[in-house]
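Dear colleague,

I am passing on to you the structure shown below. My findings follow it, and I should be grateful if you would read them with the structure open.

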2 protein chains.
Amino acid sequence: MKIGEVAARCGLSIDTIRYYERAGLCPAIARGADGQRYFTPENLDWLTLLASLRDTGMPMRERTRFAALYRAGDESVAERKEILLAHGTALEAQAARLARCKALLAHKIARYDSILSGERP
Amino acid sequence: MKIGEVAARCGLSIDTIRYYERAGLCPAIARGADGQRYFTPENLDWLTLLASLRDTGMPMRERTRFAALYRAGDESVAERKEILLAHGTALEAQAARLARCKALLAHKIARYDSILSGERP
DNA sequence: CTACCGGGCTGGAGCAGCTTCAGGTCAAGC
DNA sequence: GCTTGACCTGAAGCTGCTCCAGCCCGGTAG
């Protein structure tokens with residue numbers, strides 16, 4: 001798979017994928033004789049996971065750590081599991097934030113409505 | 001109310017509040033004779049809303065637009081309502097992303113578990 | 001009355017995490 | 001054989017904070 005297809009599938013931009021490779025967030029990608037990157041399904045899988053973690057707010061530092069463990073192989077599975085579990089609770093926190101924002105929006109919109117329908121006192 | 005208290009209550013840092021004032025995201029804050037900013041409850045309210053919008057992913061550009069409308073007064077209420085409604089649907093999208101990530105985590109953790117408990121085939 | 005401390009102020013530098021750009025290679029279709 | 005499109009690199013640029021140096025001010029402890 002070439003970079004364009006991977007980008008389309010994993011939700012990262014082409015540039016971001018290249019940036020992540022340079023930054024060591026994904027294992028070095030195999031190159032063809034033409035110098036182009038050729039991604040394995042496992043590469044795609046990993047980038048998809050990274051994208052999902054990024055999009056749900058895992059900070060770079062943490063993703064970097066996670067990536068280092070990933071490169072270390074099966075030895076690191078237990079620690080990686082911890083990270084994912086921790087991120088799971090971070091997701092809960094985020095969901096709570098979303099809910100609070102939703103409530104706030106409802107409140108504001110109600111106030112706007114009362115302004116719109118006949119000047120409020 | 002002084003800036004420290006406002007920061008503690010609204011969820012933005014002191015620096016961010018000052019930055020937002022400079023950037024025009026909140027109306028100019030009143031100053032005391034000592035040069036310090038004194039915030040009204042309405043100021044606090046506004047900053048709290050901004051914080052909530054930021055924390056749920058509303059981009060700067062949109063917040064800036066929203067702020068400009070806010071400064072324009074009641075005239076702009078209808079348009080502001082549109083923005084908040086749109087952000088509401090953005091929240092839905094985010095919730096969906098969170099859910100997808102949660103599922104992905106569950107999947108990965110299951111795989112890690114099967115590696116941990118007796119090398120997988 | 002002086003010394004100090006916490007909290008505020010400013011302007012400007014620094015940083016993360018992309019994103020864009022200039023300038024170039026290669027493969028394939030017409 | 002020429003254009004088109006996807007890829008490559010290294011470096012610069014951007015956003016949205018965040019931190020810092022250096023200063024002022026009001027209150028209180030000695």
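The surface near DNA strand D is made up of four nonpolar, five polar and seven charged residues. Please bear in mind that this is a predicted model. Of the 16 residues around DNA strand D, those that come nearest are A:Lys2, A:Gly4, A:Gln36, A:Arg37 and B:Met60. Two or more residues of this surface are given by each of the following elements: helix 1 (3–10) of chain A, and helix 2 (14–23) and helix 4 (60–72) of chain B. Helix 2 of chain B provides the largest share of the surface near DNA strand D, namely three residues.

I turn next to the other DNA strand. DNA strand C has 16 residues around it, of which A:Asp15, A:Met60, B:Lys2, B:Gly4 and B:Arg37 come nearest. Here the elements that give two or more residues are helix 2 (14–23) and helix 4 (60–72) of chain A, along with helix 1 (3–10) of chain B. The largest share of the surface near DNA strand C is three residues, and helix 2 of chain A supplies it. By class, seven residues of the surface near DNA strand C are charged, five are polar and four are nonpolar.

The contact between the two protein chains also deserves attention. Chain A contributes 28 residues to this contact and chain B contributes 28 residues. On the side of chain A that touches chain B, helix 3 (41–55) and helix 5 of chain A each supply at least two residues. Helix 5 of chain A accounts for the largest share of that side, with 23 residues. By class, the side of chain A that touches chain B has 15 nonpolar, five polar and eight charged residues.

Within this contact, one pair of helices may be described further. How do helix 5 of chain A and helix 5 of chain B cross, and within what distance do their axes come? The axes of these two helices, each spanning residues 77–116 of its chain, come within 9 Å and cross at roughly 165°. Helix 5 of chain A is therefore roughly antiparallel to helix 5 of chain B, as angles over 145 degrees count as roughly antiparallel. The crossing of helix 5 of chain A and helix 5 of chain B is left-handed. The contact of helix 5 of chain A with helix 5 of chain B comprises 26 nonpolar, six polar and eight charged residues.

With kind regards

Definitions and conventions
Residues are numbered from 1 along each chain as its sequence is written. Chains are lettered from A and ligands numbered from 1 in the order in which they are written. This is a predicted model: local features need pLDDT of at least 70, side-chain atom pairs count only at pLDDT 80 or more; totals for chains, interfaces and linings use all residues. A residue is near a molecule or strand if its C-beta atom, placed from the backbone, lies within 6 Å of it. Helices (H or I, at least four residues) and strands (E, at least two) are DSSP runs, numbered from the N terminus. Ala, Val, Leu, Ile, Met, Phe, Trp, Tyr, Cys and Pro count as nonpolar, Asp, Glu, Lys and Arg as charged, and the others, Gly among them, as polar. Axes are lines fitted to C-alpha atoms, for helices over the stretch in contact, and angles run from 0 to 180 degrees between N-to-C directions. Angles under 35 degrees count as roughly parallel, over 145 as roughly antiparallel, 65 to 115 as roughly perpendicular and the rest as oblique. A crossing is left-handed if the near helix is turned anticlockwise from the far one by less than a right angle, and right-handed if clockwise. Two residues are in contact if their C-beta atoms, placed from the backbone, lie within 7 Å.
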